[in-house]
Amino acid sequence: MISLTGKVAIITGAARGQGAAEARLFSELGAKVVVADVLTDEGQQLAADIGDNAVFHPLDVTSTQQWQETVKFTLKTFGKLDVLVNNAGIAPPAMLEDISDELYMNVVSVNQLGVILGMRTVIPAMKDNQGGSIINIASTAAMRGVPRSIAYCSTKWAVRGMTKTAAMELGRYGIRVNSVHPGAIDTAMVEWEKRSDKERRAIVGGLPISRIGSPHEVAQTVAFLASDASAYSTGAEYIVDGGSLAGNPLFG
């Protein structure tokens with residue numbers, strides 16, 4: 001049984017979806033959690049539902065000042081910081097030939113810059129703590145191309161690379177940095193309930209595990225990386241995708 005007893009974590013984009021599942025599971029496993037999000041009402045409600053192990057704090061991950069305020073709040077509230085989960089992300093669809101400069105840079109600001117700012121801001125607190133774990137939520141889109149997702153793909157490939165670089169730079173401080181790569185997960189981003197049967201079959205029908213994944217299944221991998229059970233893992237990629245990257249079913 002994985003334990004997070006005594007751990008303190010910041011989870012971004014935690015008001016709903018994968019972030020909310022991670023916050024709930026972390027609490028169940030004994031951690032104190034800062035639910036960080038721009039969605040104030042949903043974030044406050046989630047923290048209230050979780051109870052004493054969770055508090056909400058507003059965070060726009062593109063703002064250095066708000067990152068600093070969030071870390072300061074965490075230290076003041078819980079006394080230390082052990083874990084950062086960079087979960088916040090956006091995926092507006094756009095083809096390469098149509099995407100605007102503004103839309104592309106907005107995705108970069110949230111998905112790429114937000115991760116850098118988060119990692120950079122928590123370093124002093126984790127150094128004071130003599131170590132910590134940073135988990136960057138990437139995607140299987142960081143390992144292949146996805147049509148109509150040029151901005152999303154490019155930022156997730158960036159997260160994959162920055163994770164490895166940060167792992168090399170921060171290992172000397174006892175700070176581990178790993179990435180998690182979900183495939184098709186039943187969140188608002190995927191809009192599973194709105195999709196036709198044909199679309200659903202196209203997404204998961206050819207997978208070795210031929211169903212959509214749940215946020216809780218991603219959260220379990222994230223919890224492992226937050227725990228001491230993964231103490232010798234850093235700079236690694238953890239795939240939660242039902243086998244989508246295992247091979248091409250057309251050749252099976």
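Select helix H3, residues 64-78, in this predicted model. Helix H3 lies across four strands: E1 (8-12), E2, E3 and E4 (83-86). Compare its direction with that of E3, and the angle comes to about 155°.

Next, select helix H4, residues 101-128. Helix H4 also packs on the sheet, where it touches E4, strand E5 (132-137) and strand E6 (175-182). The direction of H4 makes about 180° with that of E4.

**The sheet**

Now hide the helices and show the strands. In what order do the seven strands of the open sheet lie? The order is E3-E2-E1-E4-E5-E6-E7, with parallel pairing. Strand E3 (54-58) and strand E7 (237-240) stand at the edges. Each of these two has a single partner strand, so one side of E3 and one side of E7 have no neighbour in the sheet. Look along the sheet to see its twist: neighbouring strands are turned against each other by 20° on average, with direction ignored.

Zoom in on the E3 edge and select E2, residues 32-37. How many bridges join E2 to E3? There are five, and the two strands run parallel. Within this pairing, pick Val 35, which stands opposite Phe 56 in E3.

**Charges over rings**

Switch on side chains and select Lys 127 together with Tyr 173. Lys 127 lies over the face of the Tyr 173 ring, at 4.4 Å from the ring centre. Then move to Arg 160 and Trp 157. Here the charged end of Arg 160 sits over the Trp 157 ring, 5.3 Å from its centre. If you search for aromatic pairs as well, with ring centres within 6.5 Å, the count comes to one.

**The whole chain**

Zoom out and colour by secondary structure. The protein chain has seven helices and seven strands. Followed from the N terminus, the elements run β-α-β-α-β-α-β-α-β-α-β-α-α-β. The radius of gyration is 18 Å, close to the 18 Å given by the globule rule for 252 residues, so the chain is as compact as a globular protein of that length. Turn the C-alpha trace along its principal axes: the spans are about 50 × 45 × 40 Å.

Finally, colour by accessibility. Of the 252 residues of the protein chain, 48% count as buried. To end the tour, display the contacts with a separation of 6 or more: residues 24 or more positions apart account for 68% of them.

Definitions and conventions. Residues numbered from 1 in each chain as written. Predicted model: local features only at pLDDT ≥ 70, side-chain atom pairs only at ≥ 80, totals over all residues. Heavy atoms only, no water. Phe/Tyr/Trp six-rings, centres within 6.5 Å; stacked < 30°, edge-to-face > 60°. Lys NZ or Arg CZ within 6 Å of the ring centre and 35° of its normal. Pairing = 2+ DSSP bridges. Axes fitted to C-alpha atoms, helices over the stretch in contact; angles between N-to-C directions. Contact = heavy atoms within 4.5 Å. Rg over C-alpha atoms; globule rule 2.2 N^0.38 Å. Buried < 20%, exposed > 50% of the residue type's maximum accessible area, 1.4 Å probe, protein only.
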